[in-house]
Amino acid sequence: MGKPFKILSIDGGGIRGIYPAHVLRCIEERLQINLFETFDMIAGTSTGSIIAAGVATGVAASEIVEMYIEHGERIFKRKRFLWPNKKQRSMIQPMLNSVYDSDYLGSVLKNVFQEKQLGEIEKPLLLPSTDIGNGCVHILKSGYSTDFTRDNNVLVKDAVLASCSAPTYFDPHKIDHYLLADGGLWANNPALAAVIDAQKRLGVIQSDIQVLSIGTGHSKTMYGTDNSRNWGLVNGWRNKEFISFILSLQSQSAMNYLKLQLRPDQIKRIDFESDLPLPLDDFSKMDDLITKADHDFTHDSAAIRQFISATEIGE
């Protein structure tokens with residue numbers, strides 16, 4: 001067993017991204033661990049792509065947390081949609097257009113990442129998205145591999161915005177010839193994609209890989225067992241809950257696959273379960289999410305420190 005190749009992976013989850021952001025702030029400030037220097041590869045999907053790109057470009061986790069607090073409400077401000085009944089409006093609007101305008105999110109990302117290009121980032125960075133034009137997966141990558149240069153000129157802010165463009169929430173984002181949507185459709189937990197890329201592109205031995213994977217929470221129950229309802233998109237699957245359900249399933253399945261491939265000492269998962277639904281866009285829950293993240297970190301800080309600071313696999 002040799003020196004570990006450390007991967008940091010951050011799930012998607014909309015406003016719930018403040019949970020992993022705060023966990024990382026605790027790691028930086030309380031454990032005095034430099035995230036940029038510690039991790040050899042960083043991956044993030046959707047809201048996780050904001051955090052991952054921030055770490056890969058040297059942005060302090062505390063700044064990322066403040067970004068969520070300061071801009072979360074404006075990012076998830078509904079587009080104008082003229083409909084007299086508010087309840088009907090919330091159901092009908094996602095059927096006709098995206099609920100939120102991505103312009104404000106784009107301006108926040110521009111302020112954080114300026115005109116930095118992916119090719120300027122030497123740290124291996126993976127940001128999953130979905131190519132809806134060609135109907136396939138699409139991973140935006142930094143300039144760490146000489147045999148993969150497609151994304152070198154892509155602006156970081158555009159790569160992140162593409163990964164964040166969840167269906168019905170934001171419009172797809174076009175980069176060069178590609179029309180891209182949220183990577184959470186296939187890699188809401190990007191840890192598995194990162195592990196595969198580390199082996200394929202960088203020649204890392206699987207037994208040397210160590211993954212710190214941080215989730216954004218998932219609900220214990222989603223629809224219950226009542227089958228008497230009409231299972232339409234609006235009244236049965238309930239629009240937003242359906243998208244959240246898909247993302248949650250992908251995160252859980254990716255972690256299950258990883259656990260089949262790696263030893264227990266190679267994976268550290270930080271996540272939480274909720275008895276209630278966990279919307280992607282409810283900014284009123286941010287204080288609760290920070291409190292939850294702080295609680296989880298505090299009670300697991302010794303194990304987190306040991307896992308991250310290990311200089312050998314199994315240490």
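In which hand does α1 pass α11 in this structure? In this predicted model, the crossing of α1 with α11 is right-handed. Let's start with that pair of helices, then move on to a strand and a loop.

**Two helices crossing**

Two packed helices are described by the angle between their axes and the distance between the axes. Here, helix α1 covers residues 18-29 and helix α11 covers residues 286-309; their axes come within 8 Å and cross at roughly 45°. That angle makes α1 oblique to α11. On the α1 side, the contact is made by I18, Y19, H22, V23, C26 and I27. These meet a set of α11 residues that runs from M286, L289 and I290 through K292, A293, D294, D296 and F297 to I304 and I308. Sorted by class, the contact of α1 with α11 holds twelve nonpolar residues, one polar residue and three charged residues.

**A covered strand**

Turn next to strand β7, residues 209-214, which is mostly covered: six of its six residues are buried. I209, V211 and S213 point one way from β7, while Q210, L212 and I214 point the other way, and all of them are buried. Strand β7 is joined by bridges to β1 and also to β9. The table sets out these two pairings.

| Partner strand | Bridges to β7 | Direction | An example of bridge partners |
|---|---|---|---|
| β1 (residues 5-10) | six | parallel | S9 with S213 of β7 |
| β9 (residues 267-270) | four | parallel | V211 of β7 with I267 |

**A helix and the loop after it**

What about α7, residues 156-163? Seven of its eight residues are buried, so α7 is largely enclosed by the rest of the structure. The buried residues of α7 are V156, K157, A159, V160, L161, A162 and S163.

Between α7 and strand β5, residues 173-175, lies a loop, and P172 is found in it. How accessible is P172? Its relative accessible area is 37%, which means that P172 counts as partly exposed. Which residues does P172 touch, leaving aside its neighbours within four places in sequence? P172 is in contact with I132, S165, L179 and L180. There is also a spatial link back to α7: A162, one of the buried residues of that helix, lies ten residues from P172 along the chain, and the C-alpha atoms of P172 and A162 are separated by 6.7 Å.

Key. Residues are numbered from 1 along each chain as its sequence is written. This is a predicted model: local features need pLDDT of at least 70, side-chain atom pairs count only at pLDDT 80 or more; totals for chains, interfaces and linings use all residues. Side-chain values use heavy atoms; hydrogens and water are left out. Axes are lines fitted to C-alpha atoms, for helices over the stretch in contact, and angles run from 0 to 180 degrees between N-to-C directions. Helices (H or I, at least four residues) and strands (E, at least two) are DSSP runs, numbered from the N terminus. Angles under 35 degrees count as roughly parallel, over 145 as roughly antiparallel, 65 to 115 as roughly perpendicular and the rest as oblique. A crossing is left-handed if the near helix is turned anticlockwise from the far one by less than a right angle, and right-handed if clockwise. Contact means heavy atoms within 4.5 Å. Ala, Val, Leu, Ile, Met, Phe, Trp, Tyr, Cys and Pro count as nonpolar, Asp, Glu, Lys and Arg as charged, and the others, Gly among them, as polar. Buried means under 20% relative accessible area, exposed over 50%, partly exposed in between (1.4 Å probe, protein chains only). Two strands pair if DSSP finds at least two bridges between them.
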